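Student: I would like to go through this structure with you slowly, asking at each step how a term earns its place.

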Amino acid sequence: MPTVDYNIPEGNFPLMPRDRTFIIQAINGDKIVLRCRIYLRDGRPVDYDNSILTFTIRDHRFAPSILWIGTWRDGIERVASDHPGLIMVTLPDTISSSLRRGSYIFSLRVTDKLGKNSFTTLEGMLQIEYAPTSDTHDIPYRSDTV
């Protein structure tokens, strides 16, 4: 028999962890590092030889310009051979220091080496804040039309 939680109003369901938006908070100008374990669709852990990874960060979903793209050995590295599938995405501090205070979206696309099976496995938001130790707080607004 299912249990009833009387603190939740009838008709409302609690959010599952997979339904929540993944948010990373960072300070403008800092190197931003994200570690995660990634697998191909067939269950094999990703590696330099069996996959193509593309980490993309944008202003918002419909922004025409991409702020940064990371790929294997250019922003995305394998952490260690004794931890299969564990990768590290490093957003350079030059990119981080150009971001204004606010939120940005990112996603990680995984493709097998043949380019046939492709899917987005990681999606979230990057929340940039200023701190007294930040390099600069006078970052000009960008215009996508220029």
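**Reading the terms**

Tutor: T56 counts as buried because its relative accessibility is 16%, and buried means under 20% relative accessible area, with exposed over 50% and partly exposed in between, taken with a 1.4 Å probe and protein chains only. Before we go on, please note that this is a predicted model, in which local features need pLDDT of at least 70 and side-chain atom pairs count only at pLDDT 80 or more, while totals for chains, interfaces and linings use all residues. Residues are numbered from 1 along each chain as its sequence is written, and side-chain values use heavy atoms, with hydrogens and water left out.

Student: Where does T56 sit, and which residues does T56 touch, not counting residues up to four places away in sequence?

Tutor: T56 lies in strand β3, a strand being a DSSP run of E with at least two residues, while a helix is a run of H or I with at least four, and both are numbered from the N terminus. Leaving out residues up to four places away in sequence, T56 touches I66, W68, I69, I105, F106 and S107, where a contact means heavy atoms within 4.5 Å.

Student: What makes a space a cavity, and how many of 30 Å³ or more does the search find?

Tutor: On a 1 Å grid over the protein atoms alone, a cavity is a set of points where a 1.4 Å probe fits but cannot get out, and lining residues have an atom within 4 Å of a point. The search of the whole structure finds one cavity of 30 Å³ or more. The largest cavity holds about 100 Å³ of space, a volume being the space filled by probe spheres set on the points, which are joined across faces, edges and corners.

Student: How do the residues of its lining divide into nonpolar, polar and charged?

Tutor: The lining of the largest cavity has 11 nonpolar residues, no polar and no charged; among them are W68, F55 and L126. Ala, Val, Leu, Ile, Met, Phe, Trp, Tyr, Cys and Pro count as nonpolar, Asp, Glu, Lys and Arg as charged, and the others, Gly among them, as polar. The largest share of this lining, three residues, comes from β2.

Student: How do you know that β2 and β6 pair?

Tutor: Two strands pair if DSSP finds at least two bridges between them; six bridges join β2 to β6, so these antiparallel strands meet the definition. R37 stands opposite L86 in β6.

Notes: On a 1 Å grid over the protein atoms alone, a cavity is a set of points where a 1.4 Å probe fits but cannot get out, and a pocket is an open set with protein on both sides within 12 Å along at least five of seven lines; lining residues have an atom within 4 Å of a point.
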